[in-house]
Every structure is written in structure tokens, then in C-alpha cells.
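Q: Please examine one part of the structure shown here closely, and describe its packing, its charged contacts and its surroundings. I would value the cut-offs behind each term, given where the term is used.

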Amino acid sequence: MQLDLELALPPPLARLDVRGFGEPAAPTSGRLREDTLAAEVPVALVFNGVSHAVMMATPQDLEAFALGFALSEGILDHARDCHDIEVRTLDAQQASLPEGVSAIEVELTISTRSFERLKGRRRSMAGRTGCGVCGVESFAGLDLDLAPVAPRGWIGRVDAPTVLRAFAALPARQLLNASAGAIHAAGWATPDGTLTDVLEDIGRHNALDKLLGTLARSGRLTEPGFVVMTSRGSHELVRKCARLGVAALATISAPTAMGVRMAELAGLRLWGLCRAPQAVLYAPGWIARPA
């Protein structure tokens, strides 16, 4: 990764002077104080010089975000299909944005095979947003077909106590959210519920892509484990996990009906409403049987 030395990345948190009302012993005119807010920056993902998508994201762990997005969206088959990632910051004038609004470009150099496939997809895809697909030209453009997740002999160990153990360790690792709130987290836990990685972003899809990219860069996507998230279990989160062979996903809020159906079709174990002491198993996943 190479950074533009002339213009550093904006910080993930911003501080702003505000006036709070209704606080204990505060005057009726309110009390001036400094507030910490989550940064929200437009990030352009550029593949071999061609801009593919602009996402609103937290400006942190952007190399992992870009790689995770490319893998979970099927642009790349393997992390080795990405040859280089460069990150640079643009000021408002360079990005044609309002004064005081910077932007970031993340450029990936990818294999010729991957780029040719991406160009074909761009010709048939009208648009995609951070909350799902929009503007596609046909139902087929929803890209809901998934290869089944391979059965895992250990998947039954991802039970309610194990999932809740991972969630209990999550708040202490949400450093950005502790300061600003409004920031999602995606974590990776081993089959015994030990939390090993936590990535944060204002967008739940972005946080997951950052996590998947981190695992891919370190060659750990094939290791036993499951994803925990501070969000609802939407179909797109299930799709991203299943596409990369992640066998289990647990979310703090409820899933959508389509999220559950996608998990059933992919054979992915899906937990939701994971708020101690309760958790709900919405899809059991496929368990490898002894030979």
C-alpha cells in the first residue's frame, strides 16, 4: 500500500463544538462542549484505472476494505488476483466536492482475467448501493445464486453460549464506537468463541468487507471460525460470507426473512438477536457427518 504523502488520510473520528440541552444542572441556554463524531468519507474503489464504486466509509483499514469488497462481490476469485493496492487522498477541489469535504481513492491492480470479467459485469449492472442492489436491469442481476458452503464438522460447536461469549468480548474492542457511537463492528471468533479480530466502519457491509479482507490478506479465510456483527442479518451479509466460504454468522439484531432463506440455501449457520442471555438460531447450517 502506498499513501499520498502530500495529503494524509483524514482521521476516523472528528471533533466538533456543540451545545447540549437537558443535561443535569445545565443552563436553559444549553452547555457548550466538544463532541466526537464518526468520520464519513467518500471512498472510490478503482480497478485497473476504472472507477467501479464509491462508498461512504470510515477512513481506516481501507486496503483490507478494498480487498474484502473485491472478493465478497466476486470481482476477484483469490487474494492473489490483486497485485497491488494504492491509497491516496483527494482534496475537495480535486474530487469536485464541496469545500471541506475530502475523498479517498483506493486503486487496485488486478489480474487481466478478473478485470475482463468486471468489465462484463459493469455492462450489465446499473448500480449497487451500500444497503444492497438497486437499479439492476433484471432479477438475474440480483446475483443471489451461491455455491453451497462446505459442511464443517465443528459447526455444531457454534452454539448459543459460544456466540454470546464472542459478543461479550466485542464492546471492549470497539474503540471507535466507544468514542463516537454510530459505528458498526465485524469480528472474527474461533469455534470456542474467542474473539481474534475486530474491524469497524460506519457501514455494516464495509465493516464485514474489512474483516474478510483482513482474513484474506493473512491467509486465514479457510480456518475454523465465525463472524459476529453489530447489525441485522441482511441477505447481503449472508451472501458475502457464503461467497468466501464462511460457515457461520451471528448478528446482534434480527435477520431479514431473505437473510434466513439465503443462509438456508447456502448451508450457512445463522444466529440473530444475540443479546445475552438469549440468542436465536435461524438457520442451522450444514454439519459434516462422520464417514
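A: The following account concerns helix 7 and the elements around it.

The model is predicted, so local features are reported at pLDDT of at least 70 and side-chain atom pairs at pLDDT 80 or more, whereas totals for chains, interfaces and linings use all residues. Residues are numbered from 1 along each chain as its sequence is written, and side-chain values rest on heavy atoms, with hydrogens and water left out.

Helix 7 spans residues 235–243; helices (H or I, at least four residues) and strands (E, at least two) are DSSP runs, numbered from the N terminus. Eight of the nine residues of this helix are buried, where buried means under 20% relative accessible area, exposed over 50% and partly exposed in between, with a 1.4 Å probe and protein chains only. The buried residues are His 235, Glu 236, Leu 237, Val 238, Arg 239, Lys 240, Cys 241 and Ala 242. Charged residues are thus among the covered ones: Arg 239 counts as buried at 1% relative accessibility, and Glu 236 counts as buried at 4%.

Two helices pack against helix 7. The first to consider is helix 1 (residues 62–72), whose axis lies 9 Å from that of helix 7 at an angle of about 85°. Axes are lines fitted to C-alpha atoms, for helices over the stretch in contact, and angles run from 0 to 180 degrees between N-to-C directions. Helix 1 and helix 7 are therefore roughly perpendicular; angles of 65 to 115 degrees take that name, those under 35 count as roughly parallel, those over 145 as roughly antiparallel, and the rest as oblique. Phe 69, Leu 71 and Ser 72 of helix 1 meet Arg 239, Lys 240 and Arg 243 of helix 7, contact being heavy atoms within 4.5 Å. These residues divide into two nonpolar, one polar and three charged. In this division Ala, Val, Leu, Ile, Met, Phe, Trp, Tyr, Cys and Pro count as nonpolar, Asp, Glu, Lys and Arg as charged, and the others, Gly among them, as polar.

Helix 8 (residues 257–266) packs in another orientation: its axis is 7 Å from that of helix 7, at an angle of about 20°. That angle makes the two helices roughly parallel. Helix 7 contributes His 235, Val 238, Arg 239 and Ala 242 to this contact, and helix 8 contributes Met 258, Gly 259, Met 262, Ala 263 and Ala 266. Here the division is six nonpolar, two polar and one charged. Arg 239 takes part in the contact with helix 1 and in the contact with helix 8.

Arg 239 also has charged partners. Side chains of opposite charge can pair when their charged atoms come close. The structure holds 15 salt bridges, each a side-chain nitrogen of Lys or Arg within 4 Å of a carboxyl oxygen of Asp or Glu. Arg 239 forms one with Glu 73, the closest N and O atoms being 3.3 Å apart. Glu 73 lies in the loop between helix 1 and strand 5 (82–90), so this pair ties together parts that are 166 residues apart in sequence. Glu 73 counts as buried, at 2% relative accessibility. Within helix 7, the side chains of Glu 236 and Arg 239 meet in a salt bridge at 3.0 Å, N to O. These two residues are three apart, and so separated by about one helical turn. A network of salt bridges links Glu 73, Asp 209, Glu 236, Arg 239 and Lys 240.

The two ends of the helix complete the picture. Ser 231 is found in the loop between strand 11 (226–229) and helix 7. At 4% relative accessibility, Ser 231 counts as buried. Beyond its neighbours within four places in sequence, Ser 231 is in contact with His 184, Arg 204, Leu 237, Thr 251, Ile 252 and Ser 253; of these, Leu 237 is one of the buried residues of helix 7. On the other side, helix 7 is followed by Gly 245, which has a positive phi near 80°.

Cys 241 of helix 7 is among the residues in contact with Val 227, as are Leu 208, Val 246 and Leu 249. Val 227 and Leu 249 are in turn among the residues that touch the most other members of the largest nonpolar core, which has 71 residues. Such a core is a set of buried Ala, Val, Leu, Ile, Met, Phe, Trp, Tyr and Cys residues joined through side-chain atoms within 4.5 Å. Helix 1 supplies the largest share of this core, seven residues.
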